[in-house]
Amino acid sequence: MVLDPFARMYELQKMTQEFFRDNGAADSAALPNNPDVVAVFKENVLLMIKEVAEVLDEVDFKKHRKDDNSKAINKYRIREELIDVMKYWFNLCILLDTKPD
């Protein structure tokens, strides 16, 4: 079966999470009842928020601070940050046992 690129990225991230789970990380089997998994879920939400803020750091989003020295948008750095956002989003989906389809 050929996976679309989104499903393939999801599966790769799931394999990564399973590797870490098998090596001591929290198991997502009972998210509402497992304090360790809830802590991992919250941590991933906070990390994703931080990455979204880093996307904003790559652009001049404060209109009141516009000046002649506005920095150019670095697409490569923004892509890096968006990949990080997506990684944490996948982690949340995996913890909720939500599939790409």
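Here is a quick tour of a predicted model, from its overall layout down to a few residues worth finding on screen. The chain has 101 residues, and its secondary structure comes to three helices and zero strands. Along the way we'll look at aromatic rings, charged side chains and a residue with an unusual backbone angle.

**The big picture**

- Starting at the N terminus, the elements of the chain run α-α-α.
- Helix α1 covers residues 5–22, helix α2 covers residues 35–57, and helix α3 covers residues 75–95.
- How much of the chain counts as buried? The figure is 23% of the 101 residues.
- The chain exposes about 7600 Å², and 58% of that is supplied by carbon and sulfur atoms.
- Take the contacts between residues at least 6 apart in sequence: 66% of them join residues at least 24 apart.

**Aromatic rings**

- The structure holds two aromatic pairs.
- One of them is tyrosine 10 with phenylalanine 90, an edge-to-face pair with 5.8 Å centre to centre and 80° between the planes.
- Why does this pair tie together parts that are 80 residues apart in sequence? Tyrosine 10 sits in helix α1 and phenylalanine 90 sits in helix α3, so the pair links those two parts of the chain.
- Tyrosine 10 and phenylalanine 90 are both buried. Phenylalanine 90 has a relative accessible area of 3%, which is under the 20% cut-off for buried.
- Phenylalanine 90 also pairs with tryptophan 89, and this time the arrangement is tilted: 5.6 Å centre to centre, with 50° between the planes.
- Put the rings together and you get one aromatic cluster made of Tyr10, Trp89 and Phe90.

**A nonpolar patch on the surface**

- Phe6, Met9 and Trp89 form a nonpolar patch on the surface, and together they have about 260 Å² of accessible area.
- Tryptophan 89 plays a part in this patch as well as in the aromatic cluster.
- Is tryptophan 89 buried or partly exposed? With a relative accessible area of 38%, tryptophan 89 is partly exposed.
- Phenylalanine 6, found in helix α1, is partly exposed too, at 32% relative accessibility.

**Salt bridges**

- Side chains of opposite charge can pair when their charged atoms come close.
- How many salt bridges are there? The count comes to two.
- One salt bridge joins the side chains of lysine 50 and glutamate 54, at 2.4 Å from N to O. Both residues lie in helix α2, four residues apart, which is about one turn of the helix.
- Lysine 50 is partly exposed, with a relative accessible area of 47%, whereas glutamate 54 is buried, with a relative accessible area of 19%.
- Another salt bridge joins the side chains of glutamate 58 and arginine 77, at 3.1 Å from N to O. Glutamate 58 lies in the loop between α2 and α3 and arginine 77 in helix α3, so this pair ties together parts that are 19 residues apart in sequence.
- Glutamate 58 counts as buried, at 9% relative accessibility, while arginine 77 counts as partly exposed, at 42%.

**A buried charge without a partner**

- Now look at glutamate 51, which is in helix α2. Glutamate 51 is buried yet has no salt bridge.
- Why no salt bridge for glutamate 51? The nearest side chain of opposite charge, lysine 50, is 5.7 Å away, and a salt bridge needs the nitrogen within 4 Å of a carboxyl oxygen, so lysine 50 doesn't qualify.
- What does glutamate 51 touch, not counting residues up to four places away in sequence? The answer is Glu81, Asp84, Val85 and Tyr88.

**Two aspartates to find**

- Aspartate 97 lies in the segment after α3. Aspartate 97 has a positive phi of about 55°, although it is not a glycine.
- Aspartate 97 counts as exposed, at 53% relative accessibility.
- Aspartate 57 lies in helix α2 and counts as partly exposed, at 47% relative accessibility.
- The C-alpha atoms of aspartate 57 and glutamate 81 are separated by 10.0 Å, with the two residues 24 apart along the chain.

Conventions. Residues are numbered from 1 along each chain as its sequence is written. This is a predicted model: local features need pLDDT of at least 70, side-chain atom pairs count only at pLDDT 80 or more; totals for chains, interfaces and linings use all residues. Side-chain values use heavy atoms; hydrogens and water are left out. Patches are made of residues with over 30% relative accessible area and no salt bridge: like charges are joined within 9 Å, nonpolar side chains (Val, Leu, Ile, Met, Phe, Trp, Tyr) within 5 Å. Accessible areas come from the Shrake-Rupley method with a 1.4 Å probe; for residues, only the protein chains shown count as cover. Buried means under 20% relative accessible area, exposed over 50%, partly exposed in between (1.4 Å probe, protein chains only). Rings of Phe, Tyr and Trp (its six-membered ring) pair if their centres lie within 6.5 Å; planes under 30 degrees apart count as stacked, over 60 as edge-to-face and the rest as tilted. Contact means heavy atoms within 4.5 Å. Lys and Arg count as positive and Asp and Glu as negative; His and the chain ends are not counted.
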